[in-house]
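Work through the exercises below with the model open. Try each task before reading its solution.

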Amino acid sequence: MGFLNQLLKYKNICIQCHNSPDADALAAAYGVYTYLKLQDINVSIIYSGDYEIQKKDLLYMIDICEIPVEYVKELPKTDLLLLVDGQYGRGNVYRFEADNIAMIDHHMPSMKKTENAFIDYSYQSCSTIVWELLKEEGYDVKANEKLSIAFLYGLYTDTSSYVDLYKKHDIAMRDELSKDYPELERLKKSSMSLEDLMIAGEALYHAYFDKEKQYLLISAMHCEQSVLGIIGDMAIKVDVAKVSIAYTDIDTGYQVSIRSADREYLANEVAEKLCDGIGSGGGHIDKAGGVISRDCICESYAGWEIADIIKERMEKIMK
Ligand SMILES: [Mn+2]
């Protein structure tokens, strides 16, 4: 029995996205919703927190994919609360009390494995996990164009516009679902807001350059992964930079995007070493990415600034 199938014992299921849902959370929720609906489960998609979705690309995604997501302050009556792209008890997931809780997530686990929690951070998007869970139940995702678009956009935004995409399951989903979708092209070209443009400009303006080791370190205010990717792509074009590292804070820690212009320092190796023991990183030889977990650095680098942790690690990596 697959993971989704075992949830069918609950007749009323509420799928909760993390606060300020992103494309990946919405797509993952929509994937689970689609399956449960087919099985005649009374199912809804909700999120809470301080803000309602405002980003233009997400509103367009909800519209064209017909994702029935609702912003709520109170949990509708439900037998099971199913969290996607987040974990119960985390700061970015509004805490509702519920008798039964399940989770599907691709972030570092903050709890022990239970039969109701599918948490695997070897996936780059939660959409990929749900895509696999649907396949396990014999559901043909490719035949559902709206869901395909949602999954692809979820993966796209969680991997800096596919640039940091490197895990095999995630690549397999992109390859299987990819098709000429004009709606998806439009989504991809509206993933940045004017504010993001300013964040990128500001981050680049304050770039730190290590003259001796020749790497650029760029701190961006809280921004989308796609923006980090754009910053990295631009920074690595600087003539004296061998490596560039751009990072931004995310709820669970820091998202890092790495570029390399020097074969002595491969981006994937820099990413792996930079995140070793405090998160996970990897990618291609010239472009890579990673995540540094706040919980991990609180343990091993208590009181340190993230920039100092990266500098200390780069000192060893580029020796
Ligand atoms: Mn995600």
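**Exercise 1. Annotated spans**

Which residues does UniProt list for "domain: DHHA1"? Then describe that span, and do the same for "domain: DDH".

Solution.
- Start with the record. The unreviewed UniProt entry places "domain: DHHA1" at residues 217-293.
- Turn to the coordinates, which belong to a predicted model. The end C-alpha atoms of residues 217-293 are 18 Å apart. Helix makes up 26% of this span and strand 42%.
- Go back to the record. In the unreviewed entry, "domain: DDH" runs over residues 12-142.
- Here the end C-alpha atoms are separated by 27 Å. The content of residues 12-142 is 28% helix and 21% strand.

**Exercise 2. The manganese site**

Identify the protein donors of the manganese ion and place two of them in the fold.

Solution.
- List the donor atoms. They are D24 (OD), D85 (OD), H106 (NE2) and D158 (OD), at 2.1 to 2.3 Å from the ion.
- Write the sequence spacing. The pattern reads D-x60-D-x20-H-x51-D.
- Locate a pair. D24 belongs to helix α1 (residues 23-38), while H106 sits in the loop between β5 (101-105) and β6 (117-119), so the two donors tie together parts that are 82 residues apart in sequence.
- Check accessibility. Both D24 and H106 are buried, with the cut-off for that class being under 20% relative accessible area.

**Exercise 3. Between the domains**

Characterise the contact between domain 1 and domain 2.

Solution.
- Set the bounds. Domain 1 is 5-188 and domain 2 is 194-317. Their C-alpha centres lie 27 Å apart.
- Count the contacts. Domain 1 contributes 15 residues and domain 2 contributes 19.
- Take the area. About 1300 Å² is buried between the two domains, with 54% of it on carbon and sulfur atoms.
- Find the main contributors in domain 1. V163, D164 and Y166 lose the most area to domain 2, together 35% of what that side buries.
- Look for charge pairing. The count between the domains is one salt bridge. A salt bridge joins the side chains of R259 and D164, at 3.4 Å from N to O.

**Exercise 4. A loop lysine**

Is K77 buried or exposed? Give its location as well.

Solution.
- Place the residue. K77 is in the loop between β3 (69-71) and β4 (80-84).
- Apply the cut-off. Exposed means over 50% relative accessible area. K77 has 81%, so K77 is exposed.
- Add a spatial partner. N12 is 65 residues from K77 in sequence, yet their C-alpha atoms are 7.9 Å apart.

Key:
Residues are numbered from 1 along each chain as its sequence is written. This is a predicted model: local features need pLDDT of at least 70, side-chain atom pairs count only at pLDDT 80 or more; totals for chains, interfaces and linings use all residues. Side-chain values use heavy atoms; hydrogens and water are left out. UniProt positions are given in the numbering used here, feature names are shortened, and annotations may be inferred rather than shown by experiment. Helices (H or I, at least four residues) and strands (E, at least two) are DSSP runs, numbered from the N terminus. Donors are N, O and S atoms within 2.8 Å of the metal (3.2 Å for Na, K and Ca); water is not among the atoms, so sites may look incomplete. Buried means under 20% relative accessible area, exposed over 50%, partly exposed in between (1.4 Å probe, protein chains only). Domain bounds come from an automatic or database domain assignment. Contact means heavy atoms within 4.5 Å. Buried area is the accessible area (1.4 Å probe) that two parts lose on being put together, summed over both. A salt bridge is a side-chain nitrogen of Lys or Arg within 4 Å of a carboxyl oxygen of Asp or Glu.
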